[in-house]
Structure formats: structure tokens, C-alpha cells
Amino acid sequence: LLPLLGTDRIESLIYFFGVAVTTVYLGGRQEVVDAPEKISKNNALYAPIGASLAIGGLYLLLKAGIDITSFYAIMVTLFGALAISDIGVPILRNVFPNVDLA
């Protein structure tokens, strides 16, 4: 949609401001289906520490000369396989009810 409006800076700013305002407005108007999840005080206190350790670990991997793009590719592959297996096994159990998929 943006190329249809133009490529000037003011048109880009108006477009993205409109998208941001619309997103916040629609998000605020959505119907609450479940009760909101509460975050414990410990989780809120330890989240920045965990994030700092993760970023520090990536920094150490970079400084050690380890290519983090390959590490990222491996992790994405593992999480993708886990997600597919989590979704795929119930589907396969319905398609093949007599086969034990363990």
C-alpha cells in the first residue's frame, strides 16, 4: 500500500503513524476471552537478568570466533521440528488411528 501513496518522507510518516494508531485502537477494542495472565514478582525481576545473560552469551560466542548464524540456524531447525511434531502427531493419530505413533 505504501508505494501507492508515494515515497516521500511525509507520506511514509503519515502511513506508519496511521498503522500504529489503528493497531493500538483495534488492540484496545478487542474482546477479552480469557482472564489476564498474572506475572509474578520473581518473573518480572529475573527477566532482565535472563535477557542480559542471553545477550552476554551471544557476545562471548562472537568473541570466541563462533559463527552465531549457524547456531541460530540449528536452533530454528530444532524448534521448528519440535513445533511440527507437536502439531503433526495429533493429526497423524486421526489419519492413522490403528498405528502406534508413540
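Just after helix H3, Gly65 adopts a positive phi of about 90°. The structure described here is a predicted model. Helix H3 itself covers residues 41-63, 23 residues in all. From its first C-alpha to its last, H3 reaches 34 Å. This is close to the 33 Å expected at 1.5 Å a residue. H3 nevertheless carries a kink of about 30° at Ala47. The kink lies shortly before a proline, Pro48.

Helix H4 spans residues 68-95. Its 28 residues should extend over 40 Å at 1.5 Å a residue, and its end C-alpha atoms lie 39 Å apart, so the two values agree. H4 also bends by about 30°, in this case at Gly88. A proline, Pro90, follows within four residues of Gly88.

Two further features involve H4. Asp86 has its place in this helix. The relative accessibility of Asp86 is 59%, above the 50% cut-off, and the residue therefore counts as exposed. Between Asp86 and Val33 there are 24 Å in space, C-alpha to C-alpha, and 53 residues in sequence. Val95 also lies in H4. Together with Ile87, Ile91, Leu92, Phe96 and Val99, Val95 forms a nonpolar patch on the surface. The accessible area of these residues together is about 560 Å². In an α-helix, residues three or four places apart point the same way, because there are 3.6 residues a turn.

Helix H2 comprises residues 9-29 and includes Thr22. At 43% relative accessibility, Thr22 falls between the cut-offs of 20% and 50%, so it counts as partly exposed. Thr22 is 65 residues from Ile87 in sequence. Their C-alpha atoms are 33 Å apart. Ile87 is one of the residues of the nonpolar patch.

Aromatic contacts were also examined. A pair of aromatic rings is described by the distance of the centres and the angle of the planes. The structure holds one aromatic pair. The rings of Tyr15 and Phe16 make up this pair, with centres 5.0 Å apart. Their planes stand at 75°, over the 60 degrees required, so the arrangement is edge-to-face. Tyr15 has a relative accessibility of 23% and therefore counts as partly exposed. This value lies above the 20% under which a residue is buried.

Key:
Residues are numbered from 1 along each chain as its sequence is written. This is a predicted model: local features need pLDDT of at least 70, side-chain atom pairs count only at pLDDT 80 or more; totals for chains, interfaces and linings use all residues. Side-chain values use heavy atoms; hydrogens and water are left out. Patches are made of residues with over 30% relative accessible area and no salt bridge: like charges are joined within 9 Å, nonpolar side chains (Val, Leu, Ile, Met, Phe, Trp, Tyr) within 5 Å. Accessible areas come from the Shrake-Rupley method with a 1.4 Å probe; for residues, only the protein chains shown count as cover. A salt bridge is a side-chain nitrogen of Lys or Arg within 4 Å of a carboxyl oxygen of Asp or Glu. Helices (H or I, at least four residues) and strands (E, at least two) are DSSP runs, numbered from the N terminus. Rings of Phe, Tyr and Trp (its six-membered ring) pair if their centres lie within 6.5 Å; planes under 30 degrees apart count as stacked, over 60 as edge-to-face and the rest as tilted. Buried means under 20% relative accessible area, exposed over 50%, partly exposed in between (1.4 Å probe, protein chains only). The expected span of a helix is 1.5 Å times one less than its number of residues. The bend at a residue is the angle between axes fitted to the seven residues ending there and the seven starting there.
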